[in-house]
Amino acid sequence: MNQRIAIITLMIFVTAGAMLLARQWSELPTQDTKYAETDALGDKSIPKEYRLSDMQEVPANPTDLPSKYRFGSNTRIPKSENDQLLLSNYSQEEQTIIRTFYAGFGSTGLKGMHVFDNAFSFKNQEQLTWLAKNGYPLPDDILMAARMPTAELHMLAKQGGFKAKAMLLAREYQAPANSGSKMAASAQDEYAKYKELAAFREDVLSDGSPFAGYVWAAEHMNKPVSDGRAGVLAGYAFAATLGDTRADLLAGHFSKTHPGMNPVEALASYKIILSIASKNPKLANTSTLMKRQKFEMF
């Protein structure tokens, strides 16, 4: 029953939040004609790089990753009929690295070939392609980043890559405080580090990738108080708003294993996400928000 209530609550967040986001985006300044809506003749006056419908950037070669979601030398979408088969191509050590990375964003608590367990679970090639074209780190991305010192990953994040920023933030959020893997910073640099990470987080949230919701969830996953952990539900709700239908399953399990969370706090956290995302002029065309291609579960 608690799980059912949590899922219903999450869906209320998604619906209400999407309406709020649409209103926020519709209130963005429109004096500049480059943000104008489609005119009566159907000509798109919004430049291509600012259209929501083009955010997923379908490449000419369907086997290529969209350029903005490439990491290092990884440019191709892998081929596999499910996540278990894809992971079987890697050594046991590599599989552990990949599984550990995605475990940091939560689990449905379900196991097996025919259920969605985590943020990278998929059951056919179409689902894998959806994940790849929407910015989810692929196994090769995760392994490449795992071999990098934090300073090197930080440098790539500063150069503007979405995945570098997302994976750096995940490393910061998921690493134990005494692990030594966090960015080294003296006391006087701590505030500057905080500001930079906040800027990276804003860039990730305003990118348009549903994976940003998981990054937000990871930030709140290990917070000790129930209200802080309500941010996990907000992150899942944001991923669901942007098309990741599996996020409802993760939200249900997290609610079941962390009872007593305050839904008001979850909604407040969700509104913070929306306020950050709405700053991106690429999202100014709100009419296609709820028409985005979704992760088809079955």
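**Exercise 1. Find out which parts of the chain the K165 and D203 salt bridge links, and how buried each partner is.**

Start with the distance: the side chains of K165 and D203 meet at 2.7 Å, N to O. That passes the test for a salt bridge (a side-chain nitrogen of Lys or Arg within 4 Å of a carboxyl oxygen of Asp or Glu). Next, place the partners: K165 sits in helix 7 (residues 162-174) and D203 in helix 8, 38 residues apart, so this is a link between distant parts of the chain. Helices here are DSSP runs (H or I, at least four residues), numbered from the N terminus. Finally, check accessibility: K165 counts as buried at 10% relative accessibility, while D203 is partly exposed at 36%. The cut-offs are under 20% relative accessible area for buried, over 50% for exposed, and partly exposed in between (1.4 Å probe, protein chains only).

A word on the input: this is a predicted model, where local features need pLDDT of at least 70, side-chain atom pairs count only at pLDDT 80 or more, and totals for chains, interfaces and linings use all residues. Residues are numbered from 1 along each chain as its sequence is written, and side-chain values use heavy atoms, leaving out hydrogens and water.

**Exercise 2. Work out what the salt bridge between D207 and K68 ties together.**

First, the geometry: the closest N and O atoms of D207 and K68 are 3.7 Å apart. Then the location: D207 is in the loop between helix 8 (190-205) and helix 9 (211-221), and K68 is in the loop between helix 1 (2-26) and helix 2 (83-87), so the pair ties together parts 139 residues apart in sequence. As for accessibility, D207 counts as buried at 14%, and K68 as partly exposed at 24%. For the wider tally, a search of the whole structure turns up 10 salt bridges.

**Exercise 3. Compare the end-to-end distance of helix 10 with its expected span, then say how enclosed the helix is.**

The expected span is 1.5 Å times one less than the number of residues. For the 16 residues of helix 10 that gives 22 Å, and the end C-alpha atoms are 23 Å apart, which agrees. Now count burial: 13 of the 16 residues are buried, so helix 10 is largely enclosed by the rest of the structure. Just past the helix comes G243, with a positive phi near 115 degrees.

**Exercise 4. Identify the residues that touch the most other members of the largest nonpolar core.**

A nonpolar core is a set of buried Ala, Val, Leu, Ile, Met, Phe, Trp, Tyr and Cys residues joined through side-chain atoms within 4.5 Å. The largest one has 70 residues, and Y102, F211, Y214, Y236 and F238 touch the most other members. Helix 10 (residues 226-241) supplies the largest share, 9 residues.

**Exercise 5. Decide how helix 3 and helix 5 are oriented, and list the residues in contact.**

Take the axes as lines fitted to C-alpha atoms over the stretch in contact, with angles from 0 to 180 degrees between N-to-C directions. Helix 3 and helix 5 (residues 139-146) pack at about 100 degrees, axes 10 Å apart. That makes the two helices roughly perpendicular, a label covering 65 to 115 degrees. With contact meaning heavy atoms within 4.5 Å, helix 3 contributes E94, I97, I98, F101 and Y102, and helix 5 contributes P139, I142, L143 and A146.

Methods: Angles under 35 degrees count as roughly parallel, over 145 as roughly antiparallel, 65 to 115 as roughly perpendicular and the rest as oblique.
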